[in-house]
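Student: I've got a model open and a pile of labels to make sense of. Can we go through them and check each one against its cut-off?

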Amino acid sequence: MPSLLIAAGLLLAYVVFFFFFSGPRLPKGFPIIGAKKTDWFPLLQATWRNSFNIAAGINDAYRNHKHNAAIMPVMGLGADTLIMLPSSDSKFISEQEPKVLSLREVIINGLHYRYTLSDKYILTHPLHKKLITTTLTNQVGILLPELANETTVGFESQWGNDTEAFREVNVWDTVGRVIGCATNRVFVGLPNCRDPKLLDAGYAYARSLPVSATLIGWVWEPARPLIARLIALRTRAMERRFAKVLLPEIERRLREYDDKEKSGSSKNDFLQWSIAQAKESGDAEMWKPTTLASRILLMNMVSIHTSSMTFTNVLLDLVSSKPEYIEELRTEVSTVLRESNGVWTKATLARAIKLDSVFRESARLNTSVAVGLRRKVMVKEGITTPSGVHIPYGNVCAVPSLAVLTDETIYPDADKFVPFRFVDQRHNINTGDRPKDHVSSSRLSFYATSTDYLAFGNGRQACPGRFFAACELKLMLAYILMNYDLEMMETRPKGI
Ligand code: HEM
């Protein structure tokens, strides 16, 4: 009995410490989303409710606190407690530089990279972001044939090429595999991109990381250096496994780079660009083989799950809609391809506006970014937003993006999948005798962000990989449409 009492006392002390004394100073007087008047521990009980039904919390924030801020306690979003701002503050947040409001700090803290990633250098020197925005985005057109080849090889192996009988496939698993190979074709090239050991380790790391990070988040901070390391053992083992497969290739390329420095390498992939970038920086830490391997692992982390989720959703939306939509898409794809002699180029993809709209619409309805524009306040004096909210240093703010993306006043029939919604909007911009407004029209393409469309975030810290992702995913869907018959489903499987 006494030991039970001691355990209960310790638990209570922990809960009180965790929720009332840990973390940054919260602004006072704000309503708590998810709390009820009858709650004994409003913050604690609201955390529980919000974490298990985040959509309800977000919709509550949007409906009931449209013009004022509220506190949203929730586990696992990069902070124990978010300051949910009215969406009218989205523009202001989007415009802030990382040294004022930082997304990276949210990611690093949320995923507890201090314990879950061995190489800290890539966190303090996130040069991969520059490579994504510049080299990767510029090279996408040149890399399309390789992506197309990997798509064909991937689907033939995952879905087969039986022309007689339908076969049931697990979309998430098979698509994840194809995307893993195609993306790594661009990251590390052949033959490593098809190495199941590399793909499995990258995948396992991405799966175990959020679990480890969530568990670490529950550990009392002073005890973390010890306990967190134990929790992260599996995640770190996956990181080592990934590096083990890639290290021989990295070391070979580093030797080749030094030999051929004057003549240049024949490889055109992310690893090669990272080596060149590291060597140009003159900082030997940057070209340590393990640092380069961790950078590629991080790239796998940020790209493959997001892209697989987006693609799985688009496919499920289409097969649960109308066969006419699929036919319209097939007609568009075959027309644009015929016009470019059967070769995919950036321009060919840009002409497939129905294909583009389907992705934008599906990502709107099924966004994985329920809480958008998460940013940590980095300035000691805190920030004051245009809506008049003052957020002290160290807090994490956000906006209810899921609710914005399904707001009837912005997107009529918001709960419905309307695949060509953005094609119609583009036509409305360019009807009549007015000169064609290509700029406004392109603002409705899949990768375009705005305060009303936060599937890729928005502003200075929006997803840098979205141009690449959009090209890769559209190419893959076009392939499926032209090479497979899809059996329609009566009910759209629920996203979990
Ligand atoms: C459909 C697929 C994808 C989706 C839905 C997606 C979504 C996002 C979102 C919502 C953010 C946060 C932006 C913000 O808060 O303003 C983000 C950040 C990021 N994304 Fe993506 N992403 C995708 C694919 C990719 C790919 C393919 C890459 C790499 C090639 C990538 C690299 C990154 C990086 C590095 C960041 C962090 C940016 C920073 O630290 O400032 N993403 N992504």
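**Labels and the reasons for them**

Tutor: Sure. Let's start in the loop between α20 (438-442) and α21, where Cys463 lies. Keep in mind that this is a predicted model.

Student: Why is Cys463 called buried?

Tutor: Count neighbours. Buried takes 20 or more other C-beta atoms within 10 Å. Cys463 has 20 C-beta neighbours inside 10 Å, so it counts as buried.

Student: What makes Cys463 worth a look in the UniProt record?

Tutor: UniProt places the feature "binding site" at Cys463, and the entry is unreviewed. In the model, Cys463 is among the closest residues to the ligand, along with Ser303, Thr306, Gly457 and Gly465. Leaving aside neighbours within four places in sequence, Cys463 is in contact with Phe456 and Gly457.

Student: What makes up the shell around the ligand, by class?

Tutor: There are 25 residues around the ligand. They split into 14 nonpolar, eight polar and three charged. Watch the bookkeeping here: Cys counts as nonpolar and Gly as polar.

Student: Which helix gives the most to that shell?

Tutor: That's α14, with six residues. The elements that each supply at least two are α5 (103-110), α8 (128-159), α14 (289-319) and α21 (466-483).

Student: Thr451 is in the loop between α20 and α21 as well. How do you know that Thr451 is buried or exposed?

Tutor: By the count again: Thr451 has 21 C-beta neighbours inside 10 Å, so it counts as buried. Beyond four places in sequence, Thr451 touches Ser90, Lys91, Ser94 and Asn458. As for Leu481, it is 30 residues from Thr451 in sequence and 32 Å away in space, C-alpha to C-alpha.

Student: Now for the opposite case. Why is Asp259 called exposed?

Tutor: Exposed takes 12 or fewer of those neighbours. Asp259 has 10 inside 10 Å, and therefore counts as exposed. Asp259 belongs to helix α12 (residues 233-260), and its C-alpha is 20 Å from that of Leu246, which is 13 residues away in sequence.

Student: On to α15. How do you know that the span of α15 is close to what is expected?

Tutor: α15 (residues 323-339) has 17 residues and reaches 25 Å from first C-alpha to last, against 24 Å expected at 1.5 Å a residue.

Student: Which residues of α15 are buried?

Tutor: Leu329, Glu332, Val333 and Val336. They span an arc of only 95° around the axis, which means they sit on the same side of α15.

Student: Why would spacings like that put residues on one side?

Tutor: An α-helix has 3.6 residues a turn, so residues three or four places apart point the same way.

Student: What covers that buried side, and what is on the face turned away?

Tutor: The cover over the buried residues includes α16 (346-351), α17 (353-365) and α21. The face turned away carries the exposed residues Pro323, Glu324, Glu327, Thr331, Thr335 and Arg338.

Student: And α2? What makes its buried residues a single face?

Tutor: In α2 (residues 42-52), Ala46, Thr47 and Asn50 are buried. Down the axis of α2 they fall within an arc of 110°, so they line one face of the helix. They pack against α3 (54-64) and β1 (70-73).

Student: Last topic: backbone oddities. Why do people flag a positive phi or a cis bond?

Tutor: Because most residues other than glycine have a negative phi, and most peptide bonds are trans.

Student: Where are the positive values here?

Tutor: Among them are His112, with phi near 45°, and Leu373, at about 50°. Asn341, just after α15, takes about 55°. His112 is in the loop between α5 and α6 (113-116), whereas Leu373 is in strand β4 (residues 372-377).

Student: Are His112 and Leu373 buried or exposed?

Tutor: Buried is 20 or more. His112 has 22 other C-beta atoms within 10 Å, so it is buried. Leu373 has 28, so it is buried too.

Student: What makes the peptide bond from Leu190 to Pro191 stand out?

Tutor: That peptide bond is cis, with omega near -5°. Pro191 is in the loop between α9 (171-187) and α10 (196-218).

Note on methods
Residues are numbered from 1 along each chain as its sequence is written. This is a predicted model: local features need pLDDT of at least 70, side-chain atom pairs count only at pLDDT 80 or more; totals for chains, interfaces and linings use all residues. A residue is near a molecule or strand if its C-beta atom, placed from the backbone, lies within 6 Å of it. Helices (H or I, at least four residues) and strands (E, at least two) are DSSP runs, numbered from the N terminus. UniProt positions are given in the numbering used here, feature names are shortened, and annotations may be inferred rather than shown by experiment. Two residues are in contact if their C-beta atoms, placed from the backbone, lie within 7 Å. The expected span of a helix is 1.5 Å times one less than its number of residues. The arc is that of the directions from the helix axis to the C-beta atoms.
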